[in-house]
Each structure stands twice: as structure tokens, then as C-alpha cells.
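Please open the model in a viewer and keep the sequence at hand. The tour proceeds by selection, with a short account of what is found at each stop.

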Amino acid sequence: MDKKVEPDITSLEPIPPGLLRLLASLIYDLFLIFAITMSYGGLIVLVKIVLLGNEPALQYQYNPLTKTITLFGLYVSISSYFYLCWRKQGQTLGMKTWQIKLQGLNGKLPSSKQCILRILVGSIAFAFFGLGFFWRYITPQKASWQDIASKTEIILFKRT
């Protein structure tokens with residue numbers, strides 16, 4: 001009988017999480033991102049009503065500048081969620097649930113610069129149909145574009 005081999009999480013060498021664990025964490029975080037997006041949309045509607053009044057707010061047509069500002073605000077809102085979670089604990093709620101953690105290559109929490117770089121490069125990686133994310137399974141370094149650019153890594157951790 002074959003026995004399932006569990007990875008030794010207590011070893012000194014960090015263990016990268018599997019694809020299913022990473023995707024499950026991302027799906028978990030997507031629920032929170034949806035809530036952030038809905039809250040941001042409600043805030044935009046509220047600001048329009050306060051500034052323009054009820055009727056004009058309903059008939060307001062976005063111009064290219066206001067569309068750009070609105071989308072940039074949404075990007076900053078979503079990015080702030082990841083930045084704050086990574087700086088405080090090294091993990092988002094989805095990462096915590098699936099026992100994975102973001103850390104610098106030195107084993108410490110990522111710095112502000114590393115978090116911002118990770119968010120920016122991660123956005124580009126996502127724009128290329130997720131190629132930057134799946135890069136970890138194509139190359140021998142086992143690192144995604146955002147890992148390489150920000151000098152960070154995602155590892156499995158053991159709950160205490």
C-alpha cells in the first residue's frame with residue numbers, strides 16, 4: 001500500500017505551495033475583492049449624489065478623465081487590501097486559510113517597496129493572461145514574475 005507523504009514543513013528550506021492551494025487562496029480572496037469593489041462603487045455613487053444631486057447623478061455621463069480616475073481609484077482600493085495584509089502579517093485572509101505566506105527571501109515580512117513592486121508586477125502578470133503567475137511552473141527557479149521582481153517568495157507554513 002502506498003502511503004501519502006506529507007511535506008516536512010518544519011525543515012529549514014521553504015516549501016513552495018502547490019498550484020491548487022494557490023488558486024484556492026486566490027478564489028477565497030476574490031470574494032473579499034468583490035466586497036471591496038462593491039463598497040467602492042457605493043462610495044462613487046454616494047459622491048455623485050452629494051456633488052450633483054439625485055437626478056443629475058443618475059444621468060451623469062462619464063468622460064475619459066473621470067473614467068480613468070474612477071478605475072485608478074478602484075485599482076488603488078484593491079491594491080491597498082493586498083498591501084496592508086502583506087505588510088502586517090505576510091498573508092491575506094485567503095492565504096491564511098490555505099496556510100501559505102508571503103515573505104522576503106531573507107525570511108522576514110516583505111518591506112513596503114517589495115509589496116508595491118509585487119502589486120505592480122502582479123498586475124502586469126495578470127494582464128498577460130496569468131502567464132506571470134504560471135511562470136513558476138515553467139522555469140526551474142519556481143518563481144513567478146512578481147516573486148522575481150520583488151525578491152519575495154510564497155511558502156507553506158505550519159499553524160501554531
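The stops below run from a helix to its individual residues, then to the cysteines and a pair of strands.

The model is predicted, and the local features described here rest on residues with pLDDT of at least 70.

**Stop 1: helix α3**

Select residues 64-88, which form helix α3. The helix comprises 25 residues, and the span from its first C-alpha to its last is 36 Å, close to the 36 Å expected at 1.5 Å a residue.

Move to the start of α3 and display Asn63. A side-chain oxygen of Asn63 comes to within 3.0 Å of the backbone nitrogen of Leu65. Then go to the other end: just after α3, Gly90 adopts a positive phi of about 80°.

**Stop 2: the buried residues of α3**

Colour the buried positions of the helix, among them Gly73, Leu74, Ile78, Tyr81, Phe82 and Trp86. Against which elements do the buried residues of α3 pack? They pack against α1 (19-52), α4 (93-97), β1 and α5 (112-127).

**Stop 3: Ser79**

Select Ser79, which lies in helix α3. Ser79 counts as buried because its relative accessibility, 12%, is under the 20% cut-off. Its side chain reaches the backbone oxygen of Tyr75 at 2.8 Å.

Now add Cys115 to the selection. Ser79 and Cys115 are 36 residues apart along the chain, and their C-alpha atoms are separated by 9.6 Å.

**Stop 4: Cys85 and Cys115**

Keep Cys115 displayed and add Cys85, one of the buried residues of α3. Cys115 is likewise buried, with a relative accessible area of 0%.

Why does Cys85 form no disulfide? The closest cysteine sulfur, in Cys115, is 10 Å from the sulfur of Cys85, which is too far for a bond; the cut-off for a disulfide is 2.5 Å. Across the whole structure, the search finds 0 disulfides.

**Stop 5: strands β1 and β2**

Select residues 100-104, strand β1, one of the elements against which the buried residues of α3 pack. Of the 5 residues in β1, 4 are buried, so the strand is largely enclosed by the rest of the structure.

Extend the selection to residues 152-156, strand β2. In which sense do β1 and β2 pair? The pairing is antiparallel, over 5 bridges. To inspect one position in this pairing, display Gly104, which stands opposite Thr152 in β2.

Conventions
Residues are numbered from 1 along each chain as its sequence is written. Side-chain values use heavy atoms; hydrogens and water are left out. Buried means under 20% relative accessible area, exposed over 50%, partly exposed in between (1.4 Å probe, protein chains only). Helices (H or I, at least four residues) and strands (E, at least two) are DSSP runs, numbered from the N terminus. Two strands pair if DSSP finds at least two bridges between them. The expected span of a helix is 1.5 Å times one less than its number of residues. Contact means heavy atoms within 4.5 Å. A polar contact is a pair of N or O atoms within 3.5 Å; within protein, one must be able to donate a hydrogen and the other to accept it, and residues adjacent in sequence count only if both atoms are side-chain atoms.
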